[in-house]
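Biologist: Please take me closely through one part of this model, a single pocket and the elements around it, and then place that part within the rest of the chain. I would like one connected account rather than a list.

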Amino acid sequence: MKPINKKFVETKPGKLLAAALIVLAFIGAAGAQPTARSSAPSASTATAHAYPNRPLRFIVPFAPGGSTDLLARILAQRMSETLGQPVVVDNRGGAGGVIGAELAARAPADGYTIVLGSPGPLTINPNLQRVPYDTLRDFSPITLATISPFTLVLHPSVPAQSVKELVALAKAKPGQLNYGSAGNGSVGHFSTEQFKALAGVNLVHIPYKGAGPAVTDLVGGRLQLMFENLPTILPHVRAGRLRMLAVGTRTRSALAPEYPTIHDSGVPGYESSTAFGVLAPARTPAPVVGRLNQEIVKILHSADTQDRMAAQGLETVGGTPQQYSQHLKDELAKYGRIVKAAGIKLD
């Protein structure tokens with residue numbers, strides 16, 4: 001048996017106790033002090049708390065003066081009031097909206113740049129040509145803002161009083177009825193090609209450089225029919241210059257509730273409208289997207305905004321970012337099917 005280490009035994013108890021107290025004090029201090037990570041707010045929390053602290057830029061991918069520009073300015077005015085910071089509309093037209101959309105996609109993802117989205121740059125052009133962004137990857141949807149039904153209208157000389165009668169007439173006279181649109185790849189073009197495919201009819205496309213000249217020729221009887229936005233068509237319908245048969249949305253329009261939907265009028269599955277929404281660059285912090293969604297939806301649901309939109313032929317929507325994201329996915333797929341079935345190509 002080894003002898004006891006006398007040096008260890010002879011160590012004074014007071015020194016042992018002091019050492020133990022120092023160790024315990026260090027452990028207690030370490031446990032009481034939070035780490036720097038737990039005491040500091042997260043980046044997203046800090047961003048949401050400070051946002052916004054400077055003006056916002058609202059890109060409109062079209063020239064000033066149109067319905068798209070007017071919608072953005074209505075929203076910008078109200079957002080400036082609710083967010084407490086100026087919201088400046090920045091019109092960046094060109095290439096069917098692609099230039100403005102690309103500018104927004106490449107902007108810093110800090111919540112200070114947003115863009116007004118529409119079918120042309122987001123869901124139609126990506127199916128027709130190579131665009132410098134990916135609609136689903138390069139944007140953070142905020143909310144679907146408004147919707148405007150596309151409508152089926154005829155010149156009064158066409159002997160059809162309903163969608164079913166028009167389909168029967170077109171089948172009896174294949175290739176003898178012509179329709180106008182704002183041009184190859186326009187929403188009106190896609191709307192009619194979708195109708196042709198679902199109804200099984202043959203209509204001849206006459207593309208124009210803009211909806212205005214096409215509507216003028218429709219009123220003048222040089223065209224037989226057309227699919228066009230409700231705000232553009234309704235004044236001519238009310239004046240008796242054109243005959244409207246139905247609307248393209250899945251439910252009746254609150255702006256013209258007396259007209260049935262094309263879906264319910266013998267062409268099941270048909271749906272066509274112009275939808276406008278608000279997006280931010282991809283990777284914009286979720287709390288910022290949530291704040292913008294909350295404020296914009298509140299604005300859209302206000303009676304004043306709804307009245308102002310209705311005067312322009314727009315129905316307000318307002319929903320979650322997830323709902324708008326799904327809408328974009330559905331529209332991209334729909335237009336892709338139409339392009340493939342009809343062989344649509346840009347001029």
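Modeller: This is a predicted model, and in it the second largest pocket takes the largest share of its lining, eight residues, from H14, the helix that spans residues 321–342. H9 and H14 each supply at least two residues of that lining, and H9 covers residues 187–199. About 300 Å³ of space lies in this second largest pocket, and of the 17 residues that line it, those closest to its centre are Gln194, Gly269, Glu271, Lys334 and Arg337. By class, the lining divides into six nonpolar, five polar and six charged residues.

Two of the residues closest to that centre, Gln194 and Lys334, are also touched by Ser272. Ser272 is found in the loop between E8 and E9, where E8 is the strand 243–247 and E9 the strand 273–281. With a relative accessible area of only 2%, Ser272 falls under the 20% limit and is therefore buried. Leaving aside residues up to four places away in sequence, Ser272 touches not only Gln194 and Lys334 but also Pro149, Phe150, Val187, Ser191, Gly248 and Thr249.

Val187 leads on to the largest pocket, since Val187 lies nearest the centre of that pocket together with Phe62, Gly120, Ala182 and Ser186, out of 34 lining residues. The elements that give two or more residues to this lining are H5 (67–83), H7, E4, H9, E7, H11 (230–238) and E9. H7, which runs from 119 to 128, gives the most, with four residues. The volume of the largest pocket is about 850 Å³, and by class its lining has 13 nonpolar, 19 polar and two charged residues.

Ser186, one of the residues nearest the centre of the largest pocket, is placed in the loop between E5 (178–181) and H9. At 15% relative accessibility, Ser186 counts as buried. Not counting residues up to four places away in sequence, Ser186 touches Ile124 and Ser181.

H14 returns in an enclosed space as well. The structure holds one cavity of 30 Å³ or more, and about 50 Å³ of space lies in the largest cavity. Ser118, Pro119, Leu122, Thr123, Ala275, Tyr324, His327, Leu328 and Glu331 line this cavity. Both H7 and H14 supply at least two residues of that lining, and the largest share, four residues, comes from H14. Five nonpolar, three polar and one charged residues make up the lining when it is sorted by class.

H14 and H9 also take part in the packing of nonpolar side chains. In soluble globular proteins, nonpolar side chains tend to be buried together. The largest nonpolar core here has 31 residues, of which Leu152, Leu166, Phe195 and Leu225 touch the most other members. H7, E4, H8 (163–172), H9, E7 (225–229), E8 and H14 each supply at least two residues of this core, and H8 gives the most, with five residues. Apart from this core lies another, of 29 residues, among them Leu56, Ala72, Leu83 and Leu292. Leu152 itself touches Val163, Leu166, Phe195, Leu225 and Ile262, among others, when residues up to four places away in sequence are not counted.

E9 and H7, already met in the lining of the largest pocket, also help to cover helix H6 (98–105), whose buried residues are Val98, Gly100, Ala101, Ala104 and Ala105. These buried residues cover an arc of only 165° around the axis, and so they lie on the same side of H6. An α-helix has 3.6 residues a turn, so residues three or four places apart point the same way. What covers the buried residues of H6 includes, besides H7 and E9, the strands E1 (56–60), E3 (113–117) and E4 (139–154).

For the chain as a whole, there are 14 helices and 10 strands, and buried residues make up 48% of its 347 residues. Among contacts between residues at least 6 apart in sequence, 77% join residues at least 24 apart.

Notes. Residues numbered from 1 in each chain as written. Predicted model: local features only at pLDDT ≥ 70, side-chain atom pairs only at ≥ 80, totals over all residues. Heavy atoms only, no water. Buried < 20%, exposed > 50% of the residue type's maximum accessible area, 1.4 Å probe, protein only. Arc of directions from axis to C-beta. Contact = heavy atoms within 4.5 Å. 1 Å grid on protein atoms, 1.4 Å probe; cavity = no way out; pocket = protein on both sides within 12 Å on 5 of 7 lines; lining within 4 Å. Points joined across faces, edges and corners; volume = space filled by probe spheres on them. Nonpolar A, V, L, I, M, F, W, Y, C, P; charged D, E, K, R; others polar. Core = buried A, V, L, I, M, F, W, Y, C linked by side-chain atoms within 4.5 Å.
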